[in-house]
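Trainee: I should like to work through this chain with you, one point at a time. May we begin once the sequence and the structure are in view?

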Amino acid sequence: TYLKIRTIGPGLCGCMMWLLLALGGGPACHARGEREPRPLLHPLFSPGAVLQRDAVVPVWGWARPGEGIRVAFGGQELHGQADAEGAWRLELAAMPPSADPRTLTVTRASDGSSRRVDELVVGDVWLCSGQSNMQMGLGAASNGAAEIARAHVPLLRLGWVRRGMAW
């Protein structure tokens with residue numbers, strides 16, 4: 001089961017970003033001694049996503065404790081350091097809406113390795129939730145195929161966030 005996130009951006013254009021960004025999320029707590037390595041950049045930051053316009057945008061991930069981190073996006077460059085648990089979080093300044101695709105880059109200071117996320121835009125993020133009917137795609141609805149064929153909203157983005165427990 002997934003949570004559905006839908007956005008409709010400036011004017012009639014649609015845009016999208018992920019749940020935790022819209023809610024100002026950040027590094028989640030995690031158990032000490034876990035075996036699976038944490039990603040440099042949280043996977044919610046994925047190609048084609050949308051960052052919320054006119055609001056501070058948190059960017060977060062994990063690195064080695066004390067490691068320096070550099071985040072670059074849309075002319076902004078931020079520097080920070082992972083805490084004792086390896087979590088880091090930096091905040092991009094509020095940005096006006098823009099349909100111009102940009103790249104988010106997060107770089108480790110220790111070795112220069114980085115994670116790039118392309119095709120990000122800045123716009124409005126809408127979070128839709130509800131009961132089980134929120135899981136049904138438009139294609140399964142009456143006249144769904146015709147509605148999909150008739151639609152022309154190239155910046156409308158739809159994302160899914162896997163449901164699960166966060167500890």
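Mentor: Let us fix one term beforehand: a residue counts as buried when its relative accessible area is under 20%, as exposed when that area is over 50%, and as partly exposed in between. Please also bear in mind that this is a predicted model.

Trainee: Which residues of strand 3 are buried on one side, and which on the other?

Mentor: Strand 3 spans 57–62, and 6 of its 6 residues are buried. In a regular strand, side chains alternate between the two faces of the sheet. Both faces of strand 3 are covered, with Val57, Val59 and Gly61 buried on one side and, on the other, Pro58, Trp60 and Trp62.

Trainee: In which sense do strand 3 and strand 6 pair, and over how many bridges?

Mentor: One position that shows the pairing is Val59, which stands opposite Leu90 in strand 6. Strand 3 and strand 6 run antiparallel, and the number of bridges is 6.

Trainee: How many helices and strands does the chain have?

Mentor: Read from the N terminus, the order of elements is β-α-β-β-β-β-β-β-β-α-β. The chain therefore has, by DSSP runs, 2 helices and 9 strands.

Trainee: What is the strand order in the open sheet of 5 strands?

Mentor: The edges are strand 2 and strand 5, each of which pairs on one side only. From one strand to the next, the twist averages 30°. The pairing in this open sheet is mixed, and the order is 2-8-7-4-5.

Trainee: Which residue in strand 7 does Val71 stand opposite?

Mentor: Val71 falls within strand 4, which covers 68–73. Strand 4 and strand 7 are antiparallel and are joined by 4 bridges. In strand 7, the residue opposite Val71 is Val106.

Trainee: Which members of the largest nonpolar core touch the most other members?

Mentor: This core has 27 residues. Strands 3, 4, 6, 7 and 8 each supply at least two of them. The members that touch the most others are Val71, Trp88, Leu92 and Leu104.

Trainee: With which residues is Leu104 in contact, leaving aside its neighbours within four places in sequence?

Mentor: Leu104 belongs to strand 7, which runs over 98–108. Its contacts beyond those neighbours are Leu41, Phe45, Val59, Val71, Ala72, Phe73, Arg115, Arg116, Val117 and Leu120.

Trainee: Why is the pair of Phe45 and Trp60 edge-to-face?

Mentor: The count of aromatic pairs comes to 1. The ring centres of Phe45 and Trp60 are 5.3 Å apart and the planes stand at 75°; planes over 60 degrees apart count as edge-to-face. Because Phe45 lies in the loop between helix 1 and strand 2 while Trp60 is in strand 3, the pair ties together parts 15 residues apart in sequence. Both residues are buried, and the angle that makes the pair edge-to-face is 75°.

Trainee: Is Gln76 buried or exposed?

Mentor: Gln76 is placed in strand 5. Leaving aside neighbours within four places in sequence, Gln76 is in contact with Val71, Leu92, Ala93 and Met95. A polar atom of the Gln76 side chain lies 2.8 Å from the backbone nitrogen of Ala93. Because its relative accessibility is 18%, Gln76 counts as buried.

Trainee: With which side chain does that of Arg89 make a polar contact?

Mentor: Arg89 is in strand 6 and, at 37% relative accessibility, counts as partly exposed. Its C-alpha atom is separated by 9.8 Å from that of Val71, 18 residues apart along the chain. The polar contact, at 2.9 Å, is with the side chain of Glu91.

Trainee: What is the phi of Asp54, and what is that of Glu119?

Mentor: Neither is a glycine, yet Asp54 has a positive phi, and so does Glu119. Asp54 lies in the loop between strand 2 and strand 3 and is exposed at 52% relative accessibility. Glu119 is in strand 8 and is partly exposed, with a relative accessible area of 48%. The phi of Asp54 is about 55°, and that of Glu119 is near 65°.

How values were computed. Residues numbered from 1 in each chain as written. Predicted model: local features only at pLDDT ≥ 70, side-chain atom pairs only at ≥ 80, totals over all residues. Heavy atoms only, no water. Core = buried A, V, L, I, M, F, W, Y, C linked by side-chain atoms within 4.5 Å. Buried < 20%, exposed > 50% of the residue type's maximum accessible area, 1.4 Å probe, protein only. Contact = heavy atoms within 4.5 Å. Pairing = 2+ DSSP bridges. Axes fitted to C-alpha atoms, helices over the stretch in contact; angles between N-to-C directions. Polar contact = N/O pair within 3.5 Å; in protein donor to acceptor, adjacent residues only side chain to side chain. Phe/Tyr/Trp six-rings, centres within 6.5 Å; stacked < 30°, edge-to-face > 60°.
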